[in-house]
Amino acid sequence: MEIERKYLVKILPDHLEQYPCRQIEQGYLSTNPVVRIRRSNDRYILTYKGKGLMVREEYNLPLNEESFTHLKEKIDGLLIQKRRYLIPFAEKYTIELDVFEGALAPLVLAEVEFETEEEANTFVPPEWFGEDVTFSTKYHNSTLSQRTFSS
């Protein structure tokens, strides 16, 4: 099970270059159910996600570059491109800060994963986070892949 909260970002934190960054491309073979392919730097993954907002099933399977390239030609909608910064927070968490590129720029989202629903429900985000969009399907990447970003 994946348990995560998602936020719009008001202001980018200073010195992003100090954090690990992944260059991500991802596309959707299906949005109902969600079946995604992703390249994260030189790692390739096929993902199935169940229904849900804050809590949902997620299964990841490894792909090779050749399979990713083949499947990429079959995606529906936009190929999402983003830079993901991994920012440690409160000794326990990692903020995944996604800076979208291309058609989805200037969208910036932050996600935080949790071990329990209770933890997710009591989480206090840093000041630079904006609106909590956890319960809005508008900001699911599968939904974003179907259109360009407009605020």
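The largest nonpolar core in this predicted model has 19 residues. Inside this core, Leu-97 and Phe-129 are the residues with the most contacts. Where do the pieces come from? At least two residues each are supplied by strand E1 (2-9), strand E7 (76-89), strand E8 (93-100) and strand E9 (108-113). E8 is the top contributor here, giving four residues.

Let's zoom in on Leu-97. Which residues does Leu-97 touch, once you leave out those up to four places away in sequence? The list runs through Val-9, Leu-12, Pro-13, Leu-16, Arg-83, Arg-84, Tyr-85, Ile-87, Val-108, Leu-109, Ala-110 and Trp-128. Apart from the largest core there's another one, made of 11 residues, and Tyr-28, Phe-100, Leu-104 and Val-133 are among them.

Now for an arginine and its surroundings. Arg-39 sits in strand E3 (residues 34-40). Is Arg-39 buried or exposed? It counts as buried because its relative accessibility is 18%, and the cut-off for buried is under 20%. Skipping residues up to four places away in sequence, Arg-39 touches Gln-23, Ile-24, Glu-25, Tyr-44 and Phe-68. A polar atom of the Arg-39 side chain also lies 3.0 Å from the backbone oxygen of Asn-41.

That brings us to Asn-41 itself. You'll find Asn-41 in the loop between E3 and E4. With 36% relative accessibility, Asn-41 counts as partly exposed, so it falls in the band between 20% and 50%. Its backbone has a quirk too: phi of Asn-41 is near 55 degrees, which is a positive value in a residue other than glycine. Ala-90 isn't a glycine either, yet Ala-90 has a positive phi of about 55 degrees. Look for Ala-90 in the loop between E7 and E8.

Some prolines are worth a look as well. Asn-32 and Pro-33 are joined by a cis peptide bond, with omega at about 5 degrees. Pro-33 is placed in the loop between E2 and E3. Another cis peptide bond links Ala-105 to Pro-106, and there omega is about 10 degrees. Pro-106 belongs to the loop between E8 and E9.

Finally, the pockets. Here are two of them side by side:

| Pocket | Volume | Lining residues by class |
|---|---|---|
| Largest pocket | about 450 Å³ | six nonpolar, eight polar, 16 charged |
| Second largest pocket | about 220 Å³ | four nonpolar, nine polar, three charged |

How many residues line the largest pocket? There are 30, and Glu-2, Arg-36, Arg-38, Lys-49 and Arg-84 lie nearest its centre. Plenty of elements pitch in: E1, strand E2 (21-31), E3, strand E4 (43-49), strand E6 (58-63), E7, E9 and helix H3 (141-144) each give two or more residues to the lining of the largest pocket.

The second largest pocket is lined by 16 residues. Which of them lie nearest its centre? Those are Thr-31, Val-34, Arg-56, His-140 and Ser-142. The elements giving two or more residues to the lining of the second largest pocket are E4 and H3.

How values were computed
Residues are numbered from 1 along each chain as its sequence is written. This is a predicted model: local features need pLDDT of at least 70, side-chain atom pairs count only at pLDDT 80 or more; totals for chains, interfaces and linings use all residues. Side-chain values use heavy atoms; hydrogens and water are left out. A nonpolar core is a set of buried Ala, Val, Leu, Ile, Met, Phe, Trp, Tyr and Cys residues joined through side-chain atoms within 4.5 Å. Buried means under 20% relative accessible area, exposed over 50%, partly exposed in between (1.4 Å probe, protein chains only). Contact means heavy atoms within 4.5 Å. A polar contact is a pair of N or O atoms within 3.5 Å; within protein, one must be able to donate a hydrogen and the other to accept it, and residues adjacent in sequence count only if both atoms are side-chain atoms. On a 1 Å grid over the protein atoms alone, a cavity is a set of points where a 1.4 Å probe fits but cannot get out, and a pocket is an open set with protein on both sides within 12 Å along at least five of seven lines; lining residues have an atom within 4 Å of a point. Grid points are joined across faces, edges and corners, and a volume is the space filled by probe spheres set on the points. Ala, Val, Leu, Ile, Met, Phe, Trp, Tyr, Cys and Pro count as nonpolar, Asp, Glu, Lys and Arg as charged, and the others, Gly among them, as polar.
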